[in-house]
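Subject: Structure for your review

Dear colleague,

Please find the structure below, handed over for your records. My notes on what was found in it follow directly after.

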Amino acid sequence: MRITEAKFAGSSVRAADKPGRRLPEFAFIGRSNVGKSSLINMLCGNSRLAKTSSTPGKTKLINHFIINDSWYLVDLPGYGFAKISKKEREDLRIMINDYIQNSQEMVLLFVLIDSRHDIQKIDLEFIAGLGENEIPFALIFTKGDKLGPNALAAQIERDKEILLEQWEELPPMFVSSSETQMGKKEILDFIQQYI
Ligand code: GTP
Ligand code: MG
């Protein structure tokens, strides 16, 4: 699939307040700074679409982008960002859960994992919650340009082993880089099957 048009369609804090058109949604979540907004920009071929930052905690709202006038990419705030108040963290947690659990149009949630490190406890807890709530998800290992090919493959194998301690089957998985466009075709072709 090719993205020919990608436009910002609005921000919200609750699933009930999202943009009016009911279209399939594909959402992106993961630890703060894992590269959600950069990946959305890479997929859309527009580096200025979603705001990115080297400082964690940039995305604080649920941002909808309308793609080819027929479906949405949804940029969610990151989880696990330590440097905010307890209240702010709780508000974000509620916002994320409300969207994930109440968004009828969400077809699939992409959970982003930093490919440079072992998948972390907070990621495992988050995806365990998805399993409990029967939320369909896929994993994307981000920043694939930062490791050499052998180290990258070895890290992903390790993560699969860690996941298999908790899961009987592995979810669909992708490796991406917003620098080199690694994974772009695979992720867009995967989305295409659902729309
Ligand atoms: P929050 O909105 O704060 O939760 O972060 P985010 O997950 O949206 O991350 P964002 O896309 O803002 O990227 C965070 C930092 O990582 C930025 O400095 C990006 O340039 C960098 N980054 C993101 N993706 C990649 C990648 O694939 N390769 C490299 N080398 N850097 C990346
Ligand atoms: Mg972001």
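Is Phe26 buried or exposed? Phe26 has a relative accessible area of 0%, so this residue is buried. Please bear in mind throughout that this is a predicted model.

Aromatic pairs

Phe26 also takes part in one of the aromatic pairs, of which the structure holds 10. The ring centres of Phe26 and Trp71 are 5.5 Å apart and the planes stand at 85 degrees; the pair is therefore edge-to-face, since an angle over 60 degrees counts as such. Distant parts of the chain are linked in this way: Phe26 belongs to strand 2 and Trp71 to strand 4 (residues 71-75), with their positions 45 residues apart in sequence. Trp71 counts as buried because its relative accessibility is 1%.

A second pair is formed by Tyr79 and Phe126, whose ring centres lie 4.6 Å apart with planes at 25 degrees, so that this pair is stacked. Here too, distant parts of the chain are linked: Tyr79 sits in the loop between strand 4 and helix 2 (86-102), while Phe126 sits in helix 3 (residues 121-132), 47 residues apart. Both Tyr79 and Phe126 are buried. In addition, ring pairs join Phe26, Phe28, Trp71, Phe110, Phe174, Phe190 and Tyr194 into a cluster.

Ligand 1

Ligand 1 has 21 residues around it, and those that come nearest are Lys36, Ser38, Lys58, Thr59 and Asp145. By class, this shell comprises 13 polar, 6 charged and 2 nonpolar residues. Several contacts may be of interest to you. A polar side-chain atom of Asp145 is 2.7 Å from a nitrogen atom of ligand 1. Oxygen atoms of the ligand are involved as well: one lies 3.0 Å from a polar backbone atom of Asn33, and a polar side-chain atom of Ser32 is 3.3 Å from an oxygen atom of the ligand. On its own, ligand 1 has 650 Å² of accessible area, of which the protein covers 88%.

Salt bridges

The count of salt bridges comes to 14. One of them joins Asp69 and Arg21, with the closest N and O atoms 3.0 Å apart. This pair links distant parts of the chain, 48 residues apart: Asp69 lies in the loop between strand 3 (62-67) and strand 4, and Arg21 in the loop between strand 1 and strand 2. Asp69 is partly exposed, at a relative accessible area of 44%, and Arg21 is partly exposed at 40%.

Two further salt bridges lie within helices. In helix 3, Glu125 and Lys121 are 4 residues apart, about one turn of the helix, and their side chains meet at 3.3 Å, N to O. Glu125 is partly exposed, with 47% relative accessibility, whereas Lys121 counts as exposed at 62%. In helix 5 (residues 184-192), Asp189 and Lys185 are separated by about one helical turn because they are 4 residues apart. The side chains of Asp189 and Lys185 form a salt bridge of 2.6 Å, N to O. Lys185 is exposed, with a relative accessible area of 57%, and Asp189 is partly exposed at 28%. Finally, Lys18, Arg22, Glu25 and Glu105 are joined into one network by salt bridges that share partners.

Yours sincerely

Technical notes. Residues numbered from 1 in each chain as written. Chains lettered and ligands numbered in written order. Predicted model: local features only at pLDDT ≥ 70, side-chain atom pairs only at ≥ 80, totals over all residues. Heavy atoms only, no water. Near = heavy atom within 4 Å. Polar contact = N/O pair within 3.5 Å; in protein donor to acceptor, adjacent residues only side chain to side chain. Areas by Shrake-Rupley, 256 points an atom, 1.4 Å probe, with all protein chains shown as cover. Nonpolar A, V, L, I, M, F, W, Y, C, P; charged D, E, K, R; others polar. Phe/Tyr/Trp six-rings, centres within 6.5 Å; stacked < 30°, edge-to-face > 60°. Helix = DSSP H or I, 4+ residues; strand = E, 2+ residues; numbered from the N terminus. Buried < 20%, exposed > 50% of the residue type's maximum accessible area, 1.4 Å probe, protein only. Salt bridge = Lys/Arg side-chain N within 4 Å of Asp/Glu carboxyl O.
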